[in-house]
Amino acid sequence: MFQQLIIIGNLGGDSELRYTSDGTPVASFSLAVNRKWTNQDGSPGEETTWFRVSAWRKLGESLNPYLKKGGRVMVIGRVSARGYTAADGSPRASLD
């Protein structure tokens, strides 16, 4: 089976470059994807979906200096979803 996701959005903050315990570089950043529409009654609707993105090894190192807050980015990769419980006890989901 094959999974591929293409998303285009705006960076929520500057990329953060870190290194795993074995020295592998990872650049992490958040990406906001906005969707706007007009409801049947004429009122505007808007929805924002946030993705957490990780770029590994040389790709992460080379992209990190260019990934600044507000920049528009297209990402092609695979997605994983995970559930967790927020501090207030409510269930949440994260798309990585």
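A student and a tutor talk through a predicted protein model and the terms used to describe it.

Student: What should I keep in mind about the model before we start?

Tutor: This is a predicted model, in which local features need pLDDT of at least 70 and side-chain atom pairs count only at pLDDT 80 or more, while totals for chains, interfaces and linings use all residues. Residues are numbered from 1 along each chain as its sequence is written, and side-chain values use heavy atoms, with hydrogens and water left out.

Student: How do you know what pLDDT the chain averages?

Tutor: pLDDT is the predictor's confidence in each residue, from 0 to 100. The protein chain averages 91, and 100% of the residues score at least 70. Among the elements, strand β2 (residues 16-19) has the highest mean, 95, and strand β7 (residues 91-95) the lowest, 81. Strands here are DSSP runs of E, at least two residues, and helices are runs of H or I, at least four, numbered from the N terminus.

Student: Why is asparagine 64 called buried or exposed?

Tutor: Buried means under 20% relative accessible area, exposed over 50%, and partly exposed in between (1.4 Å probe, protein chains only). Asparagine 64 has 16% relative accessibility, so it counts as buried. This residue sits in the loop between α1 and β5. Leaving out residues up to four places away in sequence, asparagine 64 touches Ser15, Glu16, Leu17 and Ala27, where contact means heavy atoms within 4.5 Å.

Student: And what makes arginine 57 count as buried or exposed?

Tutor: Arginine 57 reaches 52% relative accessibility, so it counts as exposed. Arginine 57 lies in helix α1 and has a positive phi of about 55°, although it is not a glycine.

Student: What makes up the largest nonpolar core?

Tutor: A nonpolar core is a set of buried Ala, Val, Leu, Ile, Met, Phe, Trp, Tyr and Cys residues joined through side-chain atoms within 4.5 Å. The largest one has 9 residues: Ile7, Leu11, Phe29, Leu31, Phe51, Val53, Leu67, Val73 and Val75. At least two residues of this core come from each of β1, β3 (25-38), β4 and β5. Valine 53 touches Ala27, Ser28, Phe29, Leu31 and Val75, again not counting residues up to four places away in sequence.

Student: Which residues lie nearest the centre of the largest pocket?

Tutor: Val53, Ser54, Val75, Gly77 and Arg78 do, out of 21 lining residues. A pocket is an open set of points on a 1 Å grid over the protein atoms alone, with protein on both sides within 12 Å along at least five of seven lines, and lining residues have an atom within 4 Å of a point. β4 gives the most to this lining, with 6 residues.

Methods:
On a 1 Å grid over the protein atoms alone, a cavity is a set of points where a 1.4 Å probe fits but cannot get out, and a pocket is an open set with protein on both sides within 12 Å along at least five of seven lines; lining residues have an atom within 4 Å of a point.
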